[in-house]
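Welcome! Here is a short set of exercises to work through at your own pace, each with a worked solution.

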Amino acid sequence: MTTGTTVAHAVEPDGFRAVMATLPAAVAIVTAAAADGRPWGMTCSSVCSVTLTPPTLLVCLRTASPTLAAVVSGRAFSVNLLCARAYPVAELFASAAADRFDRVRWRRPPGTGGPHLADDARAVLDCRLSESAEVGDHVVVFGQVRAIRRLSDEPPLMYGYRRYAPWPADRGPGAAGG
Ligand SMILES: Cc1cc2nc3c(=O)[nH]c(=O)nc-3n(C[C@H](O)[C@H](O)[C@H](O)COP(=O)(O)O)c2cc1C
């Protein structure tokens, strides 16, 4: 992308996508169980903290996603925050593969929520669907966090500039150049 000021009279999707690619975000897999118990899940970077009281997050899911359908029908989901080494799992859950859950180790949550990817997540947040809003071709899903499971201190997986990368090692405020 070139730099410089652009006065946008009509913002095209490609321009919006290009500039949002420069806003790296942590990568999660949002999971839910359908009414028949079948696990669903998809890679998401749109997870965002909303408020601490009550502890609430949001995630934007494409309207046609079967994962969204399972979230809405069960009124519950889990957000698996991925470790940096789990980028192949992020790719798997962003692909068209129907056998995603046959290719990872997962377990059902002890209470509210969707499948836990215990080998690949650094933390899992189990949520109850509190509200949702349709915006364009996505649905913004708000989840009230009911349980938090911290699994690992490994660095998080990030996505930006159209590629995966680990969160850089902590240099700390006193480190050279920090
Ligand atoms: C790094 C990354 C982040 C993504 N974030 C989102 C997201 O926040 N919301 C979304 O709807 N799709 C997102 N996607 C695309 C979905 O993962 C992809 O469309 C996936 O195939 C959806 O699964 P489904 O077909 O079972 O719904 C992302 C993809 C990648 C690679």
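The exercises below look at one helix and then at some salt bridges in this predicted model.

**Exercise 1. Find which residues of helix H2 (residues 66-74) are buried, and work out why they line one face of the helix.**

Step 1. Start with the cut-off: a residue is buried if its relative accessible area is under 20%. In H2, Thr67, Leu68, Ala70 and Val71 are buried.

Step 2. Now look down the axis of H2: the buried residues fall within an arc of 160°, so they line one face of the helix.

Step 3. A general point helps here. An α-helix has 3.6 residues a turn, so residues three or four places apart point the same way.

Step 4. Finally, see what covers these buried residues. The cover includes strands S2 (28-33), S3 (39-44), S5 (56-62), S6 (76-82), S7 (121-135) and S8 (138-150).

**Exercise 2. Describe what is found at the N-terminal end of H2 and what follows the helix.**

Step 1. At the N-terminal end, Ser65 acts as the cap. One of its side-chain oxygens lies 3.0 Å from the backbone nitrogen of Thr67.

Step 2. After H2 comes Arg75, which has a positive phi, near 50°.

**Exercise 3. Count the salt bridges, then examine the one between Arg17 and Asp14.**

Step 1. The cut-off is a side-chain nitrogen of Lys or Arg within 4 Å of a carboxyl oxygen of Asp or Glu. By this rule there are 4 salt bridges.

Step 2. Between Arg17 and Asp14, the closest N and O atoms are 3.0 Å apart, which satisfies the rule.

Step 3. Both residues sit in helix H1 (residues 13-20), 3 residues apart, so about one helical turn separates them.

Step 4. Check their surroundings: Arg17 is partly exposed at 48% relative accessibility, while Asp14 is exposed at 53%.

**Exercise 4. Say where the partners Glu154 and Arg85 lie along the chain, then do likewise for Arg105 and Asp119.**

Step 1. Glu154 and Arg85 meet through their side chains in a salt bridge, at 2.7 Å from N to O. This pair links distant parts of the chain, 69 residues apart: Glu154 is in the loop between S8 and strand S9 (157-160), and Arg85 is in the loop between S6 and helix H3 (87-92).

Step 2. Glu154 is partly exposed at 27% relative accessibility, and Arg85 is partly exposed at 44%.

Step 3. In the salt bridge of Arg105 with Asp119, the closest N and O atoms are 2.8 Å apart. Both partners lie in the loop between H3 and S7, 14 residues apart.

Step 4. Arg105 is exposed at 56% relative accessibility, whereas Asp119 is partly exposed at 32%.

Terms used. Residues numbered from 1 in each chain as written. Predicted model: local features only at pLDDT ≥ 70, side-chain atom pairs only at ≥ 80, totals over all residues. Heavy atoms only, no water. Buried < 20%, exposed > 50% of the residue type's maximum accessible area, 1.4 Å probe, protein only. Helix = DSSP H or I, 4+ residues; strand = E, 2+ residues; numbered from the N terminus. Arc of directions from axis to C-beta. Contact = heavy atoms within 4.5 Å. Polar contact = N/O pair within 3.5 Å; in protein donor to acceptor, adjacent residues only side chain to side chain.
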